Amino acid sequence: MKKIALLLVITAGTLWGMIGYFVRVLQSQGINSMQIVSIRMVISAVIFSLFALIFKRNLFAIKPKDLWCFIGTGVISVAVFSFCYFKCIEYSSLSMASILLYTAPIFVMLFSVFLFKEKLNSTKVISLVMAFTGCLFVTGVFTSNTEINTTAVIFGLMSGICYALYSIFSRLALDKGYSPLTITLYTFIFSGIASVLVIDTKPVLTYMTKNPENFFFCVIFAVLSSVLPYATYTLGLKYIKPSTASIVASIEPVVATVMGALYFKEAVQIPFGYIGISLVIGSIILINIPQKNKKEAQ
C-alpha cells in the first residue's frame, strides 16, 4: 500500500505544479491573487459537498470537539498559507517566495518529531537537503539578483509553516478516525468561507458569468489544482508519514518549472535548472529505497 500512497502524493505534487498555468490565465483577466484563491476553494467546496450529498452523506459527520482540526487544514493550512505566500511575492521575487515556501518539509519533519515521535534518520535528512537544494536550483536564485527584505522573509517563512501544517493537521484528523475525504471536504468548506470574507466578489462573479467558457475554466482549475490533489495527498498521508509525504511532494516546483518552459517559454537555467530537477527526483527515489533492518515505515 505504501507504493500506492507514494504515487498518490506524487500525483498531488504534479497537479499542484500545474497551478501556475491557471493562475496566469486568470491574472491576465484582471483577477487578483486572493480572488483566485477564493475561486479555487469555493468551487472545490461546492463540488465536494455535492458529491457527499449525493453519494456519501456520512462524510459530513464530525464531532464538534474536533472542529479545530478542520479549521487548521482549511483556514490556517490553505487560506492563511495562500495569503502569506502571495504577500511574500508582493514584497520579493517569485524565486525568493518559492524558496521560502519550500522550507515546509523542514517544518513538517520537525513537527513530526515532536508530535508523532518520528525518528530522524540519515536517509530522511539527506533526502530533505537534496529536495531543498534542488528547489533552490530550480528557482534560479543562483543566477538572479534577488533583493531580500525582512517583511518578505517573515511572510515567506509563515507560508512555509502554514503549508507544512496541512500535513500535521491532516494526520491528527486521520488519527482521530476521520476519512481522507471528510478531511478534504471540510478543508475546502472552511478555506472557502475564509477566503470569501476577505475579497471583493464582484469582479469574480462578473468574470465567471461572462460566458460558459470562463465558468468551465474555473471548474477545471478547481478540480485539477484542488479537489484531486488534496484528496490524493490526504489519502496518501493515511499510509506514509508526513515528513516522507512532504519531501515526495517537492516534485511540485519541478513540474511548475517544466510547465513554464512548455507553455510560457520561460527558459530553464542551464545547468542549474536541470541539476535542481535531478536533485528533487533523486531525493524522492532515495527516500523510497528499502532500508535493511528498518521495520519502521518511512
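In the predicted model, Val46 is located in helix α3, which covers residues 33-55. With a relative accessibility of 46%, Val46 falls in the partly exposed class, because that value lies between the limits of 20% for buried and 50% for exposed residues. Val46 contributes to a nonpolar patch on the surface, together with Leu50, Phe51, Leu53, Ile54 and Phe55. The area of this patch is about 620 Å².

The protein chain as a whole contains 14 helices and 0 strands. Its order of elements along the sequence accordingly reads α-α-α-α-α-α-α-α-α-α-α-α-α-α. Of the 298 residues in the protein chain, 52% are buried.

Helix α11 comprises 26 residues, from 212 to 237. At 1.5 Å a residue a span of 38 Å is expected for α11, and the C-alpha atoms at its ends are 36 Å apart, so the two values agree. The helix is nevertheless bent, by about 40°, at Val223. At the start of α11, Asn211 places a side-chain oxygen within 3.1 Å of the backbone nitrogen of Glu213. A further polar contact involves Ser225, a residue of α11, whose side chain approaches the backbone oxygen of Phe221 at 2.6 Å. Ser225 has a relative accessible area of 1% and is therefore classed as buried, the limit being 20%. In an α-helix there are 3.6 residues a turn, so residues three or four places apart point the same way.

Helix α9 was examined in the same terms. This helix has 17 residues, and the distance from its first C-alpha to its last is 24 Å, close to the 24 Å expected at 1.5 Å a residue. Helix α9 is mostly covered, with 13 of its 17 residues buried.

The count of salt bridges in the model comes to 2. One of them joins the side chains of Asp66 and Lys176, with an N to O distance of 3.6 Å. This pair connects distant parts of the chain, its members being 110 residues apart. Asp66 belongs to the loop between α3 and α4 (67-91), and Lys176 to the loop between α8 (150-175) and α9 (180-196). The partners fall into separate accessibility classes: Asp66 is buried because its relative accessibility of 5% is under 20%, while Lys176, with a relative accessible area of 42%, is partly exposed. The other salt bridge is formed by Arg171 and Asp175, whose closest N and O atoms are 3.5 Å apart. Both of these residues lie in helix α8, where a separation of 4 residues corresponds to about one turn of the helix.

Several residue pairs that are separated in sequence were also considered through their C-alpha distances. Glu118 is situated in the loop between α6 (104-115) and α7 (122-139). The relative accessible area of Glu118 is 6%, so this loop residue counts as buried under the 20% limit. Its C-alpha atom is 8.3 Å from that of Lys241, although the two residues are 123 residues apart along the chain.

Ser82, in helix α4, is likewise buried, with a relative accessible area of 4%. Between Ser82 and Met34 the C-alpha separation is 7.6 Å, against a sequence separation of 48 residues. Val25, by contrast, is partly exposed at 23% relative accessibility, because this value is not under the 20% required of a buried residue. Val25 is part of helix α2, which covers residues 19-28. The C-alpha atoms of Val25 and Phe217 lie 9.6 Å apart in space, and the two residues are 192 residues apart in sequence.

Notes
Residues numbered from 1 in each chain as written. Predicted model: local features only at pLDDT ≥ 70, side-chain atom pairs only at ≥ 80, totals over all residues. Heavy atoms only, no water. Helix = DSSP H or I, 4+ residues; strand = E, 2+ residues; numbered from the N terminus. Expected span 1.5 Å × (residues − 1). Bend = angle between axes of the 7 residues up to and from the residue. Polar contact = N/O pair within 3.5 Å; in protein donor to acceptor, adjacent residues only side chain to side chain. Patch = residues over 30% accessible without salt bridge, like charges linked within 9 Å, V, L, I, M, F, W, Y side chains within 5 Å. Areas by Shrake-Rupley, 256 points an atom, 1.4 Å probe, with all protein chains shown as cover. Salt bridge = Lys/Arg side-chain N within 4 Å of Asp/Glu carboxyl O. Buried < 20%, exposed > 50% of the residue type's maximum accessible area, 1.4 Å probe, protein only.
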